[in-house]
Each structure stands twice: as C-alpha cells, then as structure tokens.
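Please walk through the following model with its sequence and coordinates at hand, moving from a single residue outward to the chain and then to the interface.

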Amino acid sequence: MHVDLLLEALPIMGYGYLGIFIVTGAIIAVVSILKKLTSR
Amino acid sequence: MEVLIQNFSNITWQMLVMWGIGGLLIYLAIVKEMEPTLLLPMGFGAILVNLPVAVEGTGVQHVLDTLFSIGINGAELFPLMLFIGIGAMIDFQPLLTNPKLMIFGAAAQFGIFFTLALASLLGYELPDAASISIIGAADGPTSIFVATELGSKYLGAIMVAAYSYMALVPLIQPPIIKLCTTKAERRIRMQYKGKPVSKTARILFPIVVTVIVGIVAPDAVALIGFLMFGNLIRECGVMNSISETAQNALANLITIFLGITIASQMKAADFLQVDTLIIIGLGLVAFIFDTFGGIMVAKVMNLFSKEKINPMIGAAGISAFPMSARVVHKLGLEEDNQNFLLMHSIGVNVSGQIASVIAGGLILALVKAYLGG
C-alpha cells in the first residue's frame, strides 16, 4: 500500500470533486437566468 | 511451405488468449448487441494485431500506427471529432427544463475521484492513477483525451476498459442501484413538468456552457467545445443536413476508425499484464462508486426537499448515454408499472455527459498544476 501516493492524490480528489459542483452551479445559475430572459 | 510452418511455430499462448478476447468482444457485439459499433472493430482488431505473421511485414501495422498517431496520440482527433457527432445527437431539452438535474451529473462523478485515491494507494503514479480513474467518466472520448494528455502508459487498457464498461452499464448498475435504495425509494413517483424551452435558450445553451467551462476549467474546453459545437449545429435549425451528417456519417466513420485504432493497443505483449487486470478492476470500482455517488446525493437532497426525488435518477448521472437513463427507467417500471422516470433520467444522463467532460478537464488541470509545481 502506497500511503504517500494516496496523500498526494487526496487534495486533487477533494478539489476536483468540489470543482465539478462549482462549475455545475455556475452553469445552473446561468441557464436559469437564460431561461427567464428568453421566456419573456 | 517454410513460411507456413514458421507462422504456425510463431503462435504463442498469449496470441491465443488475445484471439479469445477478440472473439469474446465480437460475441458480445453480435449476440448480446453490446455497443456493437465499438466492440466489433475492437474484437476484430485484437485478432488482427496478434497474428503470428508479425504484422510489421504486412503493412497493417503501418496503417494502425498512422491512425493511432493522428487520431489519438497526436492531436486527439478521433475523440474530439466524435464529440461533434455526440453533441449533435443529444437533446438537452430535458435538462434545460429542469437545470437542477445537473447536480446529479456532478454527483455521479464521485467514482472518478474515489478511484483516483484507490489507484494511488495501489501504487500508480499520479498521471497514471488520474488516467485510470477517468474510466469512471463513462465516456470513451474523455478517457482517451485525458490518458493521452497525461501520457499514461496504460492507454490501451484504459480505452478497452472504458468502452467495455459503457457497454456493460445495463449489467453493472441495476444491482448497485438496488443495493443502495429501498423498495419504497424506488417506487417514488416524479411528475414531469415538461415546459417548452425557447429556441433562443436552446441555441444559447451550448455557447454559454462553452464560455463558462472555458473560463473556469480551460483544460476541458477542447472536449466541451466540440460537444457543444455539435449541439449548436443541431439546435440552430439551419444546418439540418449537416446535423444529420454529424449524427450519422461522421460519428459512424470515426467510430469505425476509433474501434480498430483502440485495438492496435491490444498487442499481447503489452495487454496481457497484471496491470491490465488491475485497471479493468479499478474501472469497475469507478462505475460502482459513480452510481453510489449519484444515488447518495439524491438521498441527501430528499432530506431537505418537499417534492421527493426518486434516488435512482442520481445513478443516471454517469455519462453512459442513453444506457444509464434506460436502466433507471426500466428499474422504475419494474417496481411500479406507472412510474415513468425516463424524462428525468434522460435529463440527468445528459448532464452527466457535460459533468464528465468537466471532471476530465479538472483532473487534467489539477494534475498538471501539481506536477508543474
């Protein structure tokens, strides 16, 4: 077992998974605004 | 006669195993109809590159090497071109109707990051661990793109695992979904409020997503850009014949070449390694934890929302489109024959397509930043 390599990967794991939610959140917000603007 | 005898004597047990694997892929493609467009060329190619005539002398190797260098290794031409076709095939309307569904697409990328940690723990260096983990994107072109960009030496095994598991989604996901949900949860009915989405919104969506991803996760912009370009061709309404070409002729042509090019990486000496088995195992882990992640986030959301969500739709957040959506829909009908989850699961499934590309871009950016210091 290579705990050193795991420790190297953990920040990437955390930032990566969090990052997806941040980008997705941005897309949801913009798409919701877009829908409101174009439905008028 | 001498050549004949020499060719027979050149046959090794490793070649025979690869013929068996090739035969199995062809069997799955034809008899079980599992991703035949990919598994069949891959199966045939696996036999082709493992002939005792040492394909070097036949010209086959030259063609395959050329296809590999321009289509995959150099400019990642095949995965990107294929994404134009996939973008043209996808109708994002169910997602635009309910953009919140994108949360499940994001949640169901959990397997990628779990597998990254597991592969690291097993001793794979970061670029290889990241490339292996991206099998969990359930998205062949993204897997190829990331593994090539990171220069992984396991590209062949990663490609084979990525495409094989995509085909096996109907077998992998149902037991995991059943294990993670109760019967009562699987019976939750969800109303579909299919409000029409304006054409302007449908046209602006691919452009807006490309700009956002380009700014926030630039490493994903090649993949998302081509995917969204294909979708813009579909939605603009003035390029119908080109949209048809992208969806059919272009996608089919690229798929033929992609399958046989992947197979060029299946030479016995490189493929029959313990690492290949481990990578295939890790790919399975990634798919299982993708499914788990999507379901668990749906369960957490149920704690706070008045309108209950059927947690099974979270499992459709993996990008295997449209197999995963169909699996969820079918399981819903098995529990309650009036429970129609298809539109919800399709919305989640297409959002998984976007999220998997974003995940690939983020992995690339983070690993490159770490290695670059």
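Does B:Ala138 count as buried or exposed, and how many C-beta neighbours does B:Ala138 have inside 10 Å? The model is a predicted one, and in it B:Ala138 has 33 C-beta neighbours inside 10 Å, so this residue counts as buried, the threshold being 20 or more. The residue belongs to the loop that links α9 (126-133) to α10 (140-149) in chain B, and its phi is near 50°, a positive value in a residue other than glycine. Most residues other than glycine have a negative phi.

From this loop one can step back to chain B as a whole, in which there are 21 helices and zero strands. Its radius of gyration is 21 Å, close to the 21 Å that the globule rule gives for 373 residues, and chain B is therefore as compact as a globular protein of that length. The C-alpha trace of chain B spans about 75 × 50 × 45 Å along its principal axes. Of the 373 residues in chain B, 55% are buried, and when contacts between residues at least 6 apart in sequence are considered, 76% of them join residues at least 24 apart.

The interior of the model can be followed through its largest nonpolar core, which has 141 residues, and in which B:Ile158, B:Leu223 and B:Ile358 touch the most other members. Helix α21 (residues 342-372) of chain B supplies the largest share of this core, namely 15 residues. In soluble globular proteins, nonpolar side chains tend to be buried together. If neighbours within four places in sequence are left aside, B:Ile158 is in contact with B:Ser131, B:Ile132, B:Ile135, B:Ser143, B:Ala147, B:Ser152 and B:Ile279.

The remaining step leads to the interface, where 27 residues of chain A are in contact with 37 residues of chain B. On the side of chain A that touches chain B, 18 of the residues are nonpolar, seven are polar and two are charged.

One helix pair shows part of this contact in detail: the axes of helix α1 (residues 3-39) of chain A and helix α8 (residues 110-121) of chain B come within 8 Å and cross at roughly 170°, which means that α1(A) runs roughly antiparallel to α8(B), an angle over 145 degrees being counted that way. Residues that α1(A) brings to this contact include A:Leu5, A:Glu8 and A:Tyr17, while those from α8(B) include B:Phe110, B:Phe113 and B:Leu121. Sorted by class, the contact between α1(A) and α8(B) has 12 nonpolar, two polar and one charged residues.

Definitions and conventions:
Residues numbered from 1 in each chain as written. Chains lettered and ligands numbered in written order. Predicted model: local features only at pLDDT ≥ 70, side-chain atom pairs only at ≥ 80, totals over all residues. Contact = placed C-beta atoms within 7 Å. Nonpolar A, V, L, I, M, F, W, Y, C, P; charged D, E, K, R; others polar. Axes fitted to C-alpha atoms, helices over the stretch in contact; angles between N-to-C directions. Helix = DSSP H or I, 4+ residues; strand = E, 2+ residues; numbered from the N terminus. Parallel < 35°, antiparallel > 145°, perpendicular 65-115°, else oblique. Rg over C-alpha atoms; globule rule 2.2 N^0.38 Å. Buried ≥ 20, exposed ≤ 12 C-beta atoms within 10 Å, placed from the backbone. Core = buried A, V, L, I, M, F, W, Y, C linked by C-beta atoms within 7 Å.
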